[in-house]
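User: Could you take a close look at one part of this model for me? I would like to understand the place where the two domains come together, and what surrounds it.

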Amino acid sequence: MSIVDHHAIDVSPRISEASVADYIALLKPRVMSLVVFTALVGLVIAPGHFHPVLAVTSILCIAVGAGASGALNMWYDADIDALMSRTANRPVPRGRILPGEALAFGLTLSFFSVMTLGILVNWLAGGLLAFTIFFYVVIYTMWLKRWTAQNIVIGGAAGALPPVVAWAAATGSLSPEPILLFLIIFLWTPPHFWALALFRTDDYQRANVPMLPNVAGPDATRLQILLYTILLVAVAASPWPLGYFSAIYGVTSLALGAGMLWYAVRVYRYRTGSAALRATRGLFKFSILYLFALFAVLLAEVVVSAVVRMWS
């Protein structure tokens with residue numbers, strides 16, 4: 001007579017219930033779209049001629065590398081994602097994708113994106129892409145995010161590197177222009193994410209993630225947002241007087257910067273109630289428009305110049 005333990009743990013392999021949509025979500029498509037756009041600008045403003053096939057290959061590799069970073073981030077952060085309302089429905093914490101599947105998916109995409117960029121384009125770009133993935137996954141996700149309130153400041157370097165990678169792909173070298181683009185995104189990241197953290201404080205508290213509002217308090221965060229915004233506006237406008245970008249870019253940068261400062265001042269002034277919530281949400285939304293419009297001007301200038309040359 002055999003005894004069956006109905007409480008025993010089922011160790012048989014489980015078939016994944018993941019759909020194509022789940023794997024797309026694993027790539028963090030919204031983040032990827034910003035990465036692709038900023039990388040495209042870095043590629044287009046780079047000097048010299050770059051073969052269209054290699055250009056498309058470079059952008060695809062950067063996009064896949066960004067998606068790989070997102071997948072590995074979701075694999076490692078599944079425990080805290082499950083505790084936050086903003087991220088609880090992601091594929092791994094919801095159980096639609098197994099952690100091992102997310103890990104394998106991210107590592108595979110990382111390997112092929114870096115190797116393809118290195119072999120088909122150049123190894124400076126491939127090495128920078130590998131460093132970007134490593135920085136985001138290991139330095140930011142595995143270390144900084146759970147350890148320090150400056151996680152967004154230091155970790156923002158990973159999100160700021162795509163235009164540098166793209167420039168390196170197009171030229172095989174580096175120069176001040178992509179470094180300036182890097183600095184703009186790097187300084188943009190803290191005001192953008194700290195605005196989000198101010199109205200998502202409970203989420204981060206529940207997940208024990210040391211975001212600045214939870215560690216230093218909302219008032220200190222508001223001051224930091226204002227200070228970083230002032231620095232951002234100054235650095236974003238600097239390529240014009242330095243002679244790297246045109247007056248059209250410079251005027252646009254100052255106009256958009258005035259908008260960023262206006263929202264940052266509102267966040268600093270309004271600290272309680274619905275007015276504070278509207279201010280932080282307003283800054284978060286406008287910051288997305290700010291970065292997109294700033295880079296769009298650079299892209300539009302190159303496109304218009306190319307059209308004019310073609311018809312002249």
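Analyst: Happy to help; here is a walk through the domain interface, followed by a helix beside it and the salt bridges.

A word on the ground rules comes first. This is a predicted model, in which local features need pLDDT of at least 70 and side-chain atom pairs count only at pLDDT 80 or more, while totals for chains, interfaces and linings use all residues. Residues are numbered from 1 along each chain as its sequence is written, and side-chain values use heavy atoms, with hydrogens and water left out.

The domain assignment gives domain 1 (22–174) and domain 2 (175–311); such bounds come from an automatic or database domain assignment. Taken over C-alpha atoms, the centres of the two domains are 21 Å apart. Domain 1 brings 32 residues to the contact and domain 2 brings 32 residues, where contact means heavy atoms within 4.5 Å. Between them the domains bury about 2,800 Å², with 78% of it on carbon and sulfur atoms. Buried area here is the accessible area (1.4 Å probe) that two parts lose on being put together, summed over both. On the domain 1 side, Phe37, Ile152 and Val153 lose the most area to domain 2, together 19% of what that side buries.

What about polar and charged pairing across this interface? The rule finds 0 salt bridges between domain 1 and domain 2; a salt bridge is a side-chain nitrogen of Lys or Arg within 4 Å of a carboxyl oxygen of Asp or Glu. Polar contacts are present, with 7 residue pairs counted between the domains, both residues at pLDDT 80 or more. A polar contact is a pair of N or O atoms within 3.5 Å; within protein, one must be able to donate a hydrogen and the other to accept it, and residues adjacent in sequence count only if both atoms are side-chain atoms.

The elements giving two or more residues to the domain 1 side are α2 (29–44), α6 (123–147), α7 (151–160) and α8 (162–171). Helices (H or I, at least four residues) and strands (E, at least two) are DSSP runs, numbered from the N terminus. The largest share of this side, 8 residues, comes from α7. By class, the side has 21 nonpolar, 8 polar and 3 charged residues, with Ala, Val, Leu, Ile, Met, Phe, Trp, Tyr, Cys and Pro counted as nonpolar, Asp, Glu, Lys and Arg as charged, and the others, Gly among them, as polar.

Ala149 offers a good view of the contact from a single residue. Ala149 sits in the loop between α6 and α7 and is buried, at a relative accessible area of 11%. Buried means under 20% relative accessible area, exposed over 50%, and partly exposed in between (1.4 Å probe, protein chains only). Leaving aside neighbours within four places in sequence, Ala149 is in contact with Trp194, Pro210, Met211, Leu212 and Val215. Ala149 and Ala216 are 67 residues apart in sequence, yet 8.1 Å apart in space, C-alpha to C-alpha.

Now to α8, where 9 of the 10 residues are buried. Among these are Pro162, Pro163, Trp167 and Ala169. The buried residues of α8 pack against α2, α3 (52–76), α5, α6, α7 and α9 (176–199). Just after α8, Gly172 has a positive phi of about 75°. One neighbour of α8 can be followed in more detail: Ser58, in helix α3, has a relative accessible area of 0% and so is buried. Not counting residues up to four places away in sequence, Ser58 touches Phe50, Leu117, Val121 and Ala169.

Finally, where are salt bridges found? The structure as a whole holds 8 of them. One of these joins the side chains of Arg96 and Asp22 at 2.7 Å, N to O. Arg96 lies in the loop between α4 (78–81) and α5 (99–120) and Asp22 in helix α1 (residues 20–26), so this pair ties together parts that are 74 residues apart in sequence. Arg96 is partly exposed at 24% relative accessibility, whereas Asp22 is buried at 8%. Asp81 and Arg90 also meet in a salt bridge, at 3.2 Å from N to O; Asp81 is buried at 1%, and Arg90 counts as buried at 18%.
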